[in-house]
Each structure stands twice: as C-alpha cells, then as structure tokens.
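Here are a few notes to read alongside the structure. They are meant for someone opening it for the first time, so take them in order.

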Amino acid sequence: MVESDNIRRESLHEEESCKPTSLTVWKQSLFFSCNGFTIIDHWGNLRYRVDNYAGQRRMEDIVLMDAVGKPLLTMRRKKMSWHKSWLVFDGEVDDECKMRPICCVRKCMNLILLWQSKVLARVVFCVSSSSDDRFTYTIEGSYGRRSCRVYDDSCKVVVEIQRKATTLEGNTFGEHVFQLIIWPGLDPVLAMAVVVLLDKMFS
C-alpha cells in the first residue's frame, strides 16, 4: 500500500511538472506615476512587476522585479543598435556593468522579406561564460494582436502569448490584459522579459 501511494504521488508530481505556467499580464503599473506591467499568477497573486518611473535617468534600462520589488533582470538597450537589440542581465546592473549578459533579444529587420515573414525577433543565449556555443529562440506571430509563439531550436513551442478571454463567451479583455503561457523548460522570468521587450519593439 505504501509503495502504491508513493507511485501515485510520483505520478502526480510528474504530471504537474509537465503542465504549463499561466500568467495574466496587465500592461499597467500599480503606481500612478509609472508605466509598466503587473503580472498575476493563476491564483491571483502578484508575481512580477515592471515600474518605469517618469523622468528616470536611464530610460534605456528596464528592470523586472518580483512582487516585493527585488530586481530579477535588467534589460538594457544595446548601444548603436540599428537592429533594436536589447541585452538581458541577471539582477540589477549599473552604468559601469562588466557582467556578461544572459541573452540578447534582437528584432527581426529583414527588409526584403519583412512583409511575408512571421518572425518578430530572436533570443540568443550564451550557454556559459567560457563557451562561444549559443542557442536561439525564435519569436513568431503578431504582438499587436497578442498572438505570439516562442520556439526553441527543435521548433518546440516554449511560450505563447494569447488574448485573455472574459467570462462572456467570445469576448476578450483587449490588448492591455493578455495571457502568458510558459511550458516547462523556460524560466518564467525570462519569458516575461521577452514580453516586455516585444512591447518596446512593436508598440
């Protein structure tokens, strides 16, 4: 009986670990004087936030925080970047930052095929600080319509951005409230950073 219970618990744990994480993204800061994002989890708890204070000194820096205001990631516009690239750093960084970025998010700028391409941007990660090996996520769809998918190197969907439906059949909340679905294998913090940068690139 004990062995049967343990197997049942392990099976339930494996089932839970395969389920995606669903977050509700509100394109609005909780503070009146800020622009940003408020991110709520499935249970209605504040999970992440972005607060861009009006008149702040470094408008090219965006900080993603947890519910209590601890910096999780800093997104910094890459200097002299015609392709509108952003570097993503762990935690909060200052002007003299020498840290290696976690990844770089690059807007797709193929002018010849732009009208027919579904690719919005690419996320390029460095595997380690001592390796030049890289892997890439590709973002396709339409951010303006809140309909995007993020694919890994094997073309597997790891993130989806969808319009959030209301309790009334056929109705949605509009572009300021939408749903972020993260499948196992990608950190939800990085997935939220992708959302923030898509908004900077395509809003």
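1. Let's start inside the protein. This is a predicted model, and a search for enclosed space turns up one cavity of 30 Å³ or more. That cavity holds about 40 Å³ of space. If you wonder how such a gap is found, rolling a probe the size of a water molecule over the atoms shows where empty space is left.

2. Which residues line the cavity? Going along the chain, they are Val88, Cys103, Val105, Val123, Phe125, Leu190, Ala193, Val194 and Leu197. Have a look at their chemistry too: the lining has nine nonpolar residues, with no polar and no charged ones.

3. Now for the elements behind that lining. Strand S7 (103-107), strand S8 (119-126) and helix H2 (188-202) each put in at least two residues. Which of them gives the most? That is H2, with four residues.

4. Phe125 deserves a second look, as this lining residue also turns up among the aromatic pairs. The model has two such pairs. In one of them, Phe125 meets Tyr137 edge-to-face, with 5.4 Å centre to centre and 65° between the planes. Because Phe125 sits in strand S8 and Tyr137 in strand S9 (residues 134-142), the pair ties together parts that are 12 residues apart in sequence.

5. Next, try following strand S1 (residues 21-26), which has a partner in strand S12 (residues 177-182). The two run antiparallel and pair over six bridges. To find your place there, pick out Val25, whose bridge partner in S12 is Phe178.

6. S1 also pairs with strand S2 (residues 34-40), again in the antiparallel sense, over three bridges. Here Trp26 is a handy marker, standing opposite Thr38 in S2. While you are looking at strands, keep in mind that in a regular strand the side chains alternate between the two faces of the sheet.

7. Finally, a word on confidence. Mean pLDDT for the protein chain is 81, and 75% of its residues reach 70 or more. Where should you be careful? Over residues 1-15, pLDDT stays under 50. For that stretch the model also has zero contacts beyond four places in sequence, and I'd leave its drawn path out of any discussion.

Conventions: Residues numbered from 1 in each chain as written. Predicted model: local features only at pLDDT ≥ 70, side-chain atom pairs only at ≥ 80, totals over all residues. Heavy atoms only, no water. pLDDT = per-residue confidence, 0-100. Contact = heavy atoms within 4.5 Å. 1 Å grid on protein atoms, 1.4 Å probe; cavity = no way out; pocket = protein on both sides within 12 Å on 5 of 7 lines; lining within 4 Å. Points joined across faces, edges and corners; volume = space filled by probe spheres on them. Nonpolar A, V, L, I, M, F, W, Y, C, P; charged D, E, K, R; others polar. Pairing = 2+ DSSP bridges. Phe/Tyr/Trp six-rings, centres within 6.5 Å; stacked < 30°, edge-to-face > 60°.
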